[in-house]
Amino acid sequence: MTTPSYRTALMAVGLTAAFAAPTLAETVLIYGEPGPNRGARAEATQWFADQVAEQSGGDLRLDITWGGALFSERAAVQSLRDGVADLGSVIGVYFPQDLVAYGIADLPLDNPDPWVGMKATDALMRNNEQITQNLANQGLVYVGTYTTSAVQMGCKGPAVTSVDQLAGKKVRGVGAYGQTFRDLGATLVDMTVYEAYQGLENGLIDCTQTYSYLVAALKFDEVFDSYTFIDWGQVGALGIVMNKALYDDLTPEQQQVIMTAGEGLADEFGRIIGEANAESIAMLEDAGKEIVRFSDDDRARLTEAAQPYLDDWSARATAAGLDGPALLDEYRALIAQYAAELEAEGYPWERG
């Protein structure tokens, strides 16, 4: 089968005519990435592509198109359904109905460790039959997950040092986090994280919801005057989704390669993002930026203010045919499971 984005390259082996001998086929899958080819997530995406090629023995190869050339972050789901790309990166917050199940990973739960959050999210998305069927009904297959790590805030101007100082600030925020900032007095501005640099530079926003690794990736050190560690949950509905018809066209062995590489993302990106977070903070420190940290009381106030959005997600999930409360219970249990594993054994890349 051939579609505009699913390609099989036929390579002749000692042919004098096209029909003279068998051919070897390399299946090339087109991967759409709305972000730039730099930073922690780009490194992990390239790792995923390399793993697919290695584990398939060269039978499968990903052709990654960076920087939103195939589709923007807001058009990713429909583009993948339509076969604009075979698989690609999606940001769940832009698709609250289509990816309602994945949205559980964006909720402001007690989930501050990136590796724990990714492992819990991946296990839920990969193994829960309700979620698999919900995506299949939309022509999609879940492959693997990233995370933003904990939610922080970067500002042009003085740092936001407490919840009370959110009032009156023009803030780029997304999901339950942004809505909670608004509920606490901020003016919420709708723009993507990729537009935040310009928004800060031209004064459209005072601050942006962000994540430490993005400081280096998006050159935020050039526009941030201050940085606030909120350490509040994660935006974890950020991962790889594939067109189901194209996935079904692969052989079982090729499907297994895709899924094995996708499952490995949590460990690899956990390692990468830990290093990237540290690098970005060092960059801000070296530049003399103001760096502050919310108190435990401020984080508790944020968590309390965000509770209605957990209730809202549960209701929307249930309306979509999922068991919202049961999924929340399962997800919390998985977070606890991997947090206990981390405490007992450390990170996988540190276990020797």
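## Exercises on a predicted model

T147 sits in the loop that runs between β5 and β6. We'll start from that residue and then work outwards. Keep in mind that what you are looking at is a predicted model.

### Exercise 1: T147 and its surroundings

Work out whether T147 is buried or exposed, and find which side chain makes a polar contact with the side chain of T147.

**Solution**

Step 1. Look up the accessibility. T147 has 1% relative accessibility. The cut-off for buried is under 20%, so T147 counts as buried.

Step 2. Look for side-chain partners. The side chain of T147 makes a polar contact of 2.5 Å with the side chain of Q234.

Step 3. Widen the search to contacts, skipping neighbours within four places in sequence. T147 then touches P114, M118, Y213, Q234, V235, G236, L238, F269 and I273. Notice that Q234 turns up in this list and is also the polar partner from Step 2.

### Exercise 2: Two residues with a positive phi

S149 and K219 are not glycines; find the phi of S149 and of K219, then say where each residue sits, S149 and K219.

**Solution**

Step 1. Take S149. Its phi is positive, about 70 degrees, although S149 is not a glycine. You'll find S149 in the loop between β5 (140–145) and β6 (150–155).

Step 2. Check how covered S149 is. Its relative accessible area is 3%, so S149 is buried.

Step 3. See what lies by its backbone. A polar atom of the T147 side chain is 3.3 Å from the backbone nitrogen of S149. That brings us back to T147, which is in the loop between β5 and β6.

Step 4. Now take K219. Here phi is positive too, about 60 degrees, and K219 is not a glycine either. K219 belongs to the loop between α7 (214–217) and β10 (226–234).

Step 5. Check the accessibility of K219. With a relative accessible area of 41%, K219 is partly exposed, whereas S149 is buried.

### Exercise 3: The disulfide

How many disulfides are there, and which parts of the chain does the C155 and C207 pair tie together?

**Solution**

Step 1. Count. There is one disulfide.

Step 2. Name the partners. C155 is joined to C207, with the sulfurs 2.1 Å apart.

Step 3. Place them on the fold. C155 is part of strand β6 and C207 is part of strand β9 (residues 207–210), so the pair ties together parts that are 52 residues apart in sequence.

Step 4. Find the handedness. The angle about the S-S bond is 105 degrees, and the link of C155 and C207 is right-handed.

Step 5. Ask about burial. C155 has a relative accessible area of 1% and is buried. C207 also counts as buried, at 1% relative accessibility.

### Exercise 4: Empty space

Find the volume of the largest cavity and of the largest pocket, and describe what lines the cavity and the pocket.

**Solution**

Step 1. Start with the cavity. The count of cavities of 30 Å³ or more is one, and the largest cavity has a volume of about 260 Å³.

Step 2. Go through its lining. There are 23 lining residues, and R41, V193, Y194, Y213 and L214 lie nearest the centre of the cavity. Two or more lining residues come from each of α1 (40–55) and α7. The most come from α1, which gives three.

Step 3. Sort the cavity lining by class. You get 16 nonpolar, three polar and four charged residues.

Step 4. Turn to the pocket. The largest pocket has a volume of about 460 Å³. It is lined by 25 residues, with V93, V174, G175, A176 and Q179 closest to its centre.

Step 5. Sort the pocket lining. At least two residues each come from α5 (175–183), β8 (187–189) and α11 (296–319). By class, the pocket lining has 14 nonpolar, six polar and five charged residues.

### Exercise 5: Around α5

Which residues of α5 are buried, and what covers them?

**Solution**

Step 1. List the buried residues. In α5 they are A176, Y177, G178, T180 and F181.

Step 2. Find the cover. It includes β6, β7 (170–172), β8, β9, β10 and α11.

Step 3. Look just past the helix. α5 is followed by G185, which has a positive phi near 115 degrees.

Methods: Residues numbered from 1 in each chain as written. Predicted model: local features only at pLDDT ≥ 70, side-chain atom pairs only at ≥ 80, totals over all residues. Heavy atoms only, no water. Helix = DSSP H or I, 4+ residues; strand = E, 2+ residues; numbered from the N terminus. Buried < 20%, exposed > 50% of the residue type's maximum accessible area, 1.4 Å probe, protein only. Polar contact = N/O pair within 3.5 Å; in protein donor to acceptor, adjacent residues only side chain to side chain. Contact = heavy atoms within 4.5 Å. Disulfide = S-S within 2.5 Å. 1 Å grid on protein atoms, 1.4 Å probe; cavity = no way out; pocket = protein on both sides within 12 Å on 5 of 7 lines; lining within 4 Å. Points joined across faces, edges and corners; volume = space filled by probe spheres on them. Nonpolar A, V, L, I, M, F, W, Y, C, P; charged D, E, K, R; others polar.
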